[in-house]
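Student: Please take one part of this model and go through it closely. I would like to start from the salt bridges and then see what surrounds them.

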Amino acid sequence: MTTAASPYPPGEPEATPGEESITAWALAARAGDADAVERFVRALHRDVRRYVTFLGADPQSADDLAQDTFLRALGSLHRFEGRCSARTWLLSIARRAVADSIRRTSSRPRLSDTEDWEAAVERAQSRDLPGFDEGVVLAALLDALPADRREAFVLTQLLGLPYAQAAAVSDCPVGTVRSRVARARTALLRSLSEAEGEDETEGEGVPAVMAAA
C-alpha cells in the first residue's frame, strides 16, 4: 500500500469528509469492501501525516510513520467496532507508532538537518490553515513546547478534533487537554512576541491558528 502521495488531484482542496462517513468507511473496510479501504486511507492520510510530523518524531521518517500507522490500522480493522470515531481510533494508532519509533531511536543520537526538517513540515502543511509561511514559523515554535502540550495543540487547533476526541487520543481527561492547549497558546504567543522583539524588521504577526484558537 502506498500512502505518501496526496490522494487528491492537483489544485483541488484536501477537505476531510465528516466523521460519520469516515467511520462508515472503516466499518465497511472491516467487512472487506476494498473501495471503502481506499476512501478511508484517502480521507485521513493528511491528518496522520501532519500529526506524526508535529508530534516530534524524526520528520524525515514521517512518511514511513504514516504508512506504518495505516498498516497497523488495516491489520487491526477486525477489532474496530465503531465505538469511537475512526479518526480518533486511527490517530491513537499513529500516536503509538510515533512512541515506538522514538523508543527505537532513543539510544542513538538524533540527527538534525534544518533544511530537511523545514521541507518535511512544508510537505505536511495545509495551504488553508495556517498559511504556508506561517506554518513553518508555527512548526518551529511548537517544537520548543513540552510534548504533551504540543500534542494537545496539534490535535485540537491544527487537526480540529473536539476536546473529547483529543482526550481519547491522548488517553487523558478532557480538562487536562484544555489546560495543555491554554498553556501551549500562552507559551507560543510569548515566544512569538519575544522573537519579534529581537528583530522587528522580520515580524510576521501571530499565525492565524494561534489567534483563532
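Tutor: A salt bridge here is a side-chain nitrogen of Lys or Arg within 4 Å of a carboxyl oxygen of Asp or Glu. By that criterion the structure holds ten salt bridges. The model is a predicted one, in which local features need pLDDT of at least 70 and side-chain atom pairs count only at pLDDT 80 or more, while totals for chains, interfaces and linings use all residues. Residues are numbered from 1 along each chain as its sequence is written, and side-chain values use heavy atoms, with hydrogens and water left out.

Some context for the chain comes first. The protein chain has ten helices and zero strands, where helices (H or I, at least four residues) and strands (E, at least two) are DSSP runs numbered from the N terminus. Of its 213 residues, 41% are buried; buried means under 20% relative accessible area, exposed over 50%, and partly exposed in between, with a 1.4 Å probe and protein chains only. The chain exposes about 11,200 Å², and carbon and sulfur atoms supply 48% of that area. These areas come from the Shrake-Rupley method with a 1.4 Å probe, and for residues only the protein chains shown count as cover.

Helix 2 (residues 34–54) is a useful place to look. Arg39 and Asp35 form a salt bridge, with 2.9 Å between the closest N and O atoms. The two residues lie in helix 2, four residues apart, about one turn of the helix. Arg39 is partly exposed at 41% relative accessible area, and Asp35 is partly exposed at 46%.

Arg42 and Glu38 make another salt bridge, at 2.8 Å from N to O. Because Arg42 and Glu38 are four residues apart in helix 2, about one helical turn separates them. An α-helix has 3.6 residues a turn, so residues three or four places apart point the same way. Arg42 is partly exposed, at 39% relative accessibility, and Glu38 is partly exposed, also at 39%.

Asp47 pairs outside helix 2: its salt bridge is with Arg87, the closest N and O atoms being 2.9 Å apart. Asp47 lies in helix 2 and Arg87 in helix 4 (residues 86–105), so this pair ties together parts that are 40 residues apart in sequence. Asp47 is buried at 4% relative accessibility, and Arg87 is buried at 9%. Glu19 belongs to the picture too, since Glu19, Asp47 and Arg87 are linked in a network of salt bridges.

Helix 1 covers residues 19–30. Its twelve residues reach 17 Å from the first C-alpha to the last, close to the 16 Å expected at 1.5 Å a residue; the expected span is 1.5 Å times one less than the number of residues. The buried residues in helix 1 include Ile22, Thr23, Trp25, Ala26 and Ala29. They cover an arc of only 155 degrees around the axis, which puts them on the same side of helix 1. That arc is taken from the directions between the helix axis and the C-beta atoms. After helix 1 comes Gly32, with a positive phi near 105 degrees.

Some of these helix 1 residues meet helix 2 through Phe40. Leaving out residues up to four places away in sequence, Phe40 touches Ile22, Trp25, Ala26, Ala86, Trp89 and Leu90, a contact being heavy atoms within 4.5 Å. Phe40 is also among the residues with the most contacts inside the largest nonpolar core, together with Val48, Tyr51, Leu91, Leu142 and Leu155. That core has 50 residues. A nonpolar core is a set of buried Ala, Val, Leu, Ile, Met, Phe, Trp, Tyr and Cys residues joined through side-chain atoms within 4.5 Å. Helices that each supply at least two residues of this core include helix 1, helix 2, helix 3 (62–76), helix 4 and helix 9 (174–198). The largest share, nine residues, comes from helix 2. In soluble globular proteins, nonpolar side chains tend to be buried together.

Contacts over the whole chain add one figure. Among contacts with a separation of 6 or more, 66% join residues 24 or more positions apart.
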